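Hello,

Here is the structure we talked about. Please open it alongside this email; my notes follow below.

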Amino acid sequence: MSQEIPAAVQCALDAIDALDNDAFVAAFAADGYVNDWGREFRGHDRIRSWSDNELIGKRATFTDTQVTTPGNPLTILTQVGGEGFNGPSHFTFETAGDQLTSMTITA
């Protein structure tokens, strides 16, 4: 990826690559949330449960990742693979300091 990625976003992406749910959840602020196509999962426990069932628990992979909108929020386009959803998706991340406040997934 040619665009600069904030540390909090990179931590989440690295955790996904490593299939490390603890590190993925730790990238979020305590009141952070995931919005997965309109379904919202707020707080560490709900983010962990969502990821167990739909992201890291499904051995998700991201390939051909590119920054489409730099800044804060930052949006990437990636090809999602694994044992769950497979296909292109946009992930928009908002950060505050060194933590994610949100991750929104869309087409």
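**Strand S1 and its partners**

Phenylalanine 28 stands opposite leucine 100 in S6. Please keep in mind that this is a predicted model. The two strands involved, S1 and S6, run parallel and are joined by 5 bridges. S1 also pairs with S2, this time in the antiparallel sense, over 4 bridges. There, tyrosine 33 faces arginine 42 of S2. The hairpin of S1 and S2 has 2 residues between the strands. Tryptophan 37 in this hairpin has a positive phi, near 55°.

Is S1 mostly covered or mostly open? Mostly covered: 7 of its 9 residues are buried, with under 20% relative accessible area as the cut-off. Helix H3 lies across S1, S2 and S6. H3 runs at about 40° to S1.

**The whole sheet**

S1 belongs to an open sheet of 6 strands. The order is S2-S1-S6-S5-S4-S3, and the pairing is mixed. Which strands stand at the edges? They are S2 (39–42) and S3 (61–69). Each has a single partner strand, so one side of each has no neighbour in the sheet. From one strand to the next, the twist averages 20°.

A general point helps when you look along any of the strands. In a regular strand, side chains alternate between the two faces of the sheet.

On the S5 side of the order, S4 and S5 run antiparallel, with 7 bridges between them. One pair to look at is valine 80 with glycine 87, its bridge partner in S5.

**The largest pocket**

The largest pocket has a volume of about 200 Å³. It is lined by 15 residues. Which of them are closest to its centre? Asp36, Glu54, Val80, Phe85 and Ile105 are. Val80 is the residue that bridges to glycine 87.

Three elements give two or more residues to the lining: helix H3 (44–54), strand S4 (74–81) and strand S5 (87–96). The largest share, 3 residues, comes from H3. H3 is also the helix that lies across S1, S2 and S6.

What classes of residue make up the lining? There are 8 nonpolar, 4 polar and 3 charged residues.

**Where to look**

For a quick tour, begin at phenylalanine 28 and leucine 100. Move to tyrosine 33 and arginine 42. Then find valine 80 and glycine 87. Finish at the pocket, with Asp36 and Glu54 among the residues closest to its centre.

Best wishes

Conventions: Residues are numbered from 1 along each chain as its sequence is written. This is a predicted model: local features need pLDDT of at least 70, side-chain atom pairs count only at pLDDT 80 or more; totals for chains, interfaces and linings use all residues. Side-chain values use heavy atoms; hydrogens and water are left out. On a 1 Å grid over the protein atoms alone, a cavity is a set of points where a 1.4 Å probe fits but cannot get out, and a pocket is an open set with protein on both sides within 12 Å along at least five of seven lines; lining residues have an atom within 4 Å of a point. Grid points are joined across faces, edges and corners, and a volume is the space filled by probe spheres set on the points. Ala, Val, Leu, Ile, Met, Phe, Trp, Tyr, Cys and Pro count as nonpolar, Asp, Glu, Lys and Arg as charged, and the others, Gly among them, as polar. Two strands pair if DSSP finds at least two bridges between them. Axes are lines fitted to C-alpha atoms, for helices over the stretch in contact, and angles run from 0 to 180 degrees between N-to-C directions. Contact means heavy atoms within 4.5 Å. Buried means under 20% relative accessible area, exposed over 50%, partly exposed in between (1.4 Å probe, protein chains only).
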